[in-house]
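I set out to record how selected helices pack in this model, and then to look at one helix face and one backbone angle. The entries follow in the order in which I looked things up.

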Amino acid sequence: MNHPDRLARHRWLQPFMQLLRQGMSPEKLALTVALGAILGVTPVLGSTTLLCTLAAVALRLNLPAIQLVNGVVYPLQFLLLIPFYKAGAWMFGADASSVSLEGVLQLMRDGIPHAISALWTVTMRALAAWLIIGTVSAGFLFTLVLPVIRRIWRRMHANDEPAGA
């Protein structure tokens with residue numbers, strides 16, 4: 001059994017396999033995965049579900065599938081938050097001394113209004129960094145995932161054909 005066959009049998013991939021069986025094109029599924037992953041790590045907490053929904057509606061992607069990918073990458077959003085904060089600070093030549101977990105916690109201890117004000121600017125800078133990094137990453141991820149999905153799709157449809165065809 002080769003790599004795509006083993007990959008197709010993983011339990012967490014079964015919802016995507018069903019989409020391929022239901023007629024979703026490999027290209028749409030690859031776009032769903034790429035956008036769900038990139039939108040799912042947006043450095044604006046609480047925004048990913050809305051962003052994924054808007055992308056699914058605008059591009060006619062499968063809404064449950066993009067939300068599934070969003071959910072899978074959810075832990076990455078937290079892991080990448082400080083790196084995006086730092087990248088945004090670097091891009092804008094801003095002071096990054098409060099851009100750490102300890103710095104964010106200290107901002108909150110200084111008062112919620114102050115924290116919201118300070119983090120608003122940091123978050124907007126992080127969003128700019130994410131837009132640049134995310135655009136490149138989405139293209140890369142789409143290019144990486146599409147051949148795998150096409151290979152699985154061809155194998156699935158080869159098995160669906162009648163023996164005499």
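Entry 1. I began with the residues that join H3 to H5 in this predicted model. On the H3 side I found Thr32, Val33, Leu35, Gly36 and Ala37, and these meet Ala65, Ile66, Val69, Asn70 and Val73 of H5. Sorted by class, the contact of H3 with H5 has seven nonpolar and three polar residues, and no charged ones.

I then looked up the geometry of this pair. H3 covers residues 26–39 and H5 covers residues 63–92; their axes lie 8 Å apart and form an angle of about 40°. I therefore entered H3 as oblique to H5. The handedness of the H3 and H5 crossing is right-handed.

Entry 2. I next asked at what angle H3 and H4 pack. For H4, residues 48–59, the angle with H3 is about 155°, and the two axes are 9 Å apart. Because angles over 145 degrees count as roughly antiparallel, I noted H3 as roughly antiparallel to H4. The contact draws on Lys28, Leu31, Leu35, Gly36 and Leu39 from H3, and on Thr48, Leu51, Cys52, Ala55 and Leu59 from H4. By class I recorded seven nonpolar residues, two polar and one charged for the contact of H3 with H4. The crossing of H3 and H4 is right-handed.

Comparing the two lists, I noted that Leu35 and Gly36 of H3 appear in the contact with H5 and also in the contact with H4.

Entry 3. I turned to H6, residues 101–109, and asked which of its residues are buried. They are Gly103, Val104 and Leu107. Viewed down the axis of H6, the buried residues fall within an arc of 100°, so they line one face of the helix. As a general point, an α-helix has 3.6 residues a turn, so residues three or four places apart point the same way. On the face of H6 turned away from the buried side I found the exposed residues Leu101, Glu102 and Arg109. After H6 comes Gly111, which has a positive phi near 130°.

Entry 4. I also checked a residue other than glycine with a positive phi: Arg60, at about 55°. Where does Arg60 sit? I located Arg60 in the loop between H4 and H5. Its relative accessible area is 72%, and Arg60 is therefore entered as exposed.

Technical notes:
Residues are numbered from 1 along each chain as its sequence is written. This is a predicted model: local features need pLDDT of at least 70, side-chain atom pairs count only at pLDDT 80 or more; totals for chains, interfaces and linings use all residues. Side-chain values use heavy atoms; hydrogens and water are left out. Axes are lines fitted to C-alpha atoms, for helices over the stretch in contact, and angles run from 0 to 180 degrees between N-to-C directions. Helices (H or I, at least four residues) and strands (E, at least two) are DSSP runs, numbered from the N terminus. Angles under 35 degrees count as roughly parallel, over 145 as roughly antiparallel, 65 to 115 as roughly perpendicular and the rest as oblique. A crossing is left-handed if the near helix is turned anticlockwise from the far one by less than a right angle, and right-handed if clockwise. Contact means heavy atoms within 4.5 Å. Ala, Val, Leu, Ile, Met, Phe, Trp, Tyr, Cys and Pro count as nonpolar, Asp, Glu, Lys and Arg as charged, and the others, Gly among them, as polar. Buried means under 20% relative accessible area, exposed over 50%, partly exposed in between (1.4 Å probe, protein chains only). The arc is that of the directions from the helix axis to the C-beta atoms.
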